[in-house]
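Here are some short exercises to work through with the model open beside you. Try each task before you read its solution.

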Amino acid sequence: MVKRDEAGGHEVGDDEARGAESTARRGRRPGASTTRDEILAAARRQFAELGFRRTSVRAIAREAGVDPKLVGHWFGGKAELFVASVQLPFSPRELADRIAQGDPDRVGERLVTALVHGVLEDPAARGRGIALLRAVATEPQLAPLLRRLVVAEVLTPVARAIGADHAEVRASLVASQMVGLLMMRHVVELGPLVERGPDELVALVAPTVQRYLTGELPLA
């Protein structure tokens, strides 16, 4: 038998319906329209805390208070759920356009400001970034996700928009700086970086990023 899920408008089977009803009897509010968001929130927290390999779909479902089959219904497998959980909270294309606009000699400052204030200082966005880095470190098949989200969709378009030569090389150098900052400050928690405020970080890192984007590179 098939029942209509009032929250998402999709059809679920008897097993899924019984799981949802059981969850409701355990105390979760009935007919919750935010079930998908709760799964994503649980996934983001567990991926950030445990990494990709140690996180299980069953544990995520348990925290979200749903049957594991509903996780599979909406997201597929664990890899697909991970990809959904680390989606950027902004449009990469719009971000790239905003960074590229203005004086090319200050593009490094605009880029680092967007990272520090838009990602590092935002707990939700920072958690997604940390989860992504930890997952890529242990699961090489997820590396294309990092290349797409960071290099292909944001940094390379910025380099091209300001007319930089060797755009992909420059974007890769900037990515190494940005990923390194996130890793050293929020994963390794290196004291001198943790102690610096966001504006000071921008002032320290922006000149290096500017050189990567517009300076002379010793390339053949």
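**Exercise 1. Find which residues the ring pairs link into a cluster, and describe the pairs.**

Solution. Ring pairs link Phe47, Phe52 and Phe82 into a cluster. Rings of Phe, Tyr and Trp (its six-membered ring) pair if their centres lie within 6.5 Å; planes under 30 degrees apart count as stacked, over 60 as edge-to-face and the rest as tilted.

Before going on, note that this is a predicted model, where local features need pLDDT of at least 70, side-chain atom pairs count only at pLDDT 80 or more, and totals for chains, interfaces and linings use all residues. Residues are numbered from 1 along each chain as its sequence is written, and side-chain values use heavy atoms, with hydrogens and water left out.

Step 1. Search the whole structure: three aromatic pairs turn up. One of them joins Phe47 and Phe52, with 5.9 Å centre to centre and 10° between the planes, and is stacked.

Step 2. Turn to Phe52 and Phe82: the ring centres are 5.6 Å apart and the planes are at 85°, so this pair is edge-to-face. It links distant parts of the chain, as Phe52 is in helix α2 (residues 35–54) and Phe82 in helix α5 (residues 78–85), 30 residues apart. Helices here are DSSP runs (H or I, at least four residues), numbered from the N terminus.

Step 3. Check burial, where buried means under 20% relative accessible area, exposed over 50% and partly exposed in between (1.4 Å probe, protein chains only). Phe47 and Phe52 are both buried, and Phe82 is buried too.

**Exercise 2. Compare the expected span of helix α10 with the model, then locate its buried face.**

Solution. Step 1. The expected span is 1.5 Å times one less than the number of residues. For the 20 residues of α10 (residues 167–186) that gives 28 Å, and the end C-alpha atoms are 28 Å apart, which agrees.

Step 2. List buried residues of α10: among them are Ala167, Arg170, Val174, Met178 and Leu182. Down the axis, the buried residues fall within an arc of 140°, taken from the directions from the helix axis to the C-beta atoms, so they line one face of the helix.

**Exercise 3. Which loops hold His166 and Glu189, and what is the sign of phi in His166 and Glu189?**

Solution. Step 1. His166 is in the loop between α9 and α10, and its phi is positive, about 50°. His166 is partly exposed, at 36% relative accessible area.

Step 2. Glu189 sits in the loop between α10 and α11, with a positive phi of about 55°. Glu189 is exposed, at 56%.

Technical notes:
Helix = DSSP H or I, 4+ residues; strand = E, 2+ residues; numbered from the N terminus.
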